[in-house]
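Open your viewer and have the selection tool ready. This tour goes stop by stop, telling you what to select and what is there.

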Amino acid sequence: MIVKTSRFGDKEVPDEALLTFPEGVIGFKDAKRFVMFECSDDGMFKWLQSCDKPDLAFVICEATVVVSNYQILIGEKERQILKLKRPEDAVVCLILVIPKDPMEATANLLGPLVMNTETRLGMQIVVVNPQYTTRYRLFKDPNEPKQDEGVSGSTDNAGPDNDGMDKESAHAGA
């Protein structure tokens, strides 16, 4: 398929590279189809490019690249949407914001993207955890205390519709 993008021009990608977000992503409910492009030579950062909106693309990376002990709880509703049968089929990524000064880059720990590597289904989950933030600094002044001190490895709730029952933990890269 040909994906039209404002950043990369028209790109041909195999149909099996398509990721479907049945509920879209927060703020972009109509953007349901995405593909990933490499963003860095080391493969650590990727572009999540919308196939539905050529101007919409996010820089993402696996969550444990940013916070080594980052994990979330995935509720039954989310597992059903993702058709997730095994936690190890889930990849958890964070959306990054890269401003003009890349040293000011941040990651959204409260709105991770969970993708099922088997079904190619994804969704953005709203995490409720007072120790997480939407603007987690990727780079800090070396004189400041280490940032992931005090950042909890789990959440109290994977989303607003969860009842606290029948949840599984997911780790980035699992």
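Start with strand S8, residues 90-97. Strands here are DSSP runs of E with at least two residues, helices are runs of H or I with at least four residues, and both are numbered from the N terminus. S8 is mostly covered, with 7 of its 8 residues buried. Buried means under 20% relative accessible area, exposed means over 50%, and partly exposed lies in between (1.4 Å probe, protein chains only).

A word on the model before you move on. It is predicted, so local features need pLDDT of at least 70 and side-chain atom pairs count only at pLDDT 80 or more, while totals for chains, interfaces and linings use all residues. Residues are numbered from 1 along each chain as its sequence is written, and side-chain values use heavy atoms, with hydrogens and water left out.

**Partners of S8**

Keep S8 selected and add S6, residues 57-62. The two strands pair in the antiparallel sense over 4 bridges. Two strands count as paired if DSSP finds at least two bridges between them. Click Cys61: Leu94 in S8 stands opposite.

Next, add S10, residues 113-116. S10 also pairs with S8 in the antiparallel sense, over 4 bridges. Find Val91 and look across to Met115 in S10. Then find Ala90, which stands opposite Asn116.

Now add S9, residues 106-107. S9 runs antiparallel to S8, and 2 bridges join them. Here Val97 faces Thr106.

**Along S10**

Which residues of S10 are buried on each side? Leu113 and Met115 are on one side, Val114 and Asn116 on the other, and both faces are covered.

Select S11, residues 122-124. S11 runs antiparallel to S10, joined by 3 bridges. Leu113 stands opposite Gln124. The S10-S11 hairpin has 5 residues between its strands. Stop at Arg120 in this hairpin: its phi is positive, near 65°.

**The cores**

Last, show the side chains. A nonpolar core is a set of buried Ala, Val, Leu, Ile, Met, Phe, Trp, Tyr and Cys residues joined through side-chain atoms within 4.5 Å. The largest such core has 32 residues. Select Val66, Tyr70, Ile72 and Val114, which touch the most other members. Elements giving two or more residues to this core include S4 (33-38), helix H1 (63-66) and helix H2 (76-82). S8 gives the largest share, 4 residues. Another core lies apart, with 14 residues. Among them are Ala31, Leu48, Ile95 and Leu113.
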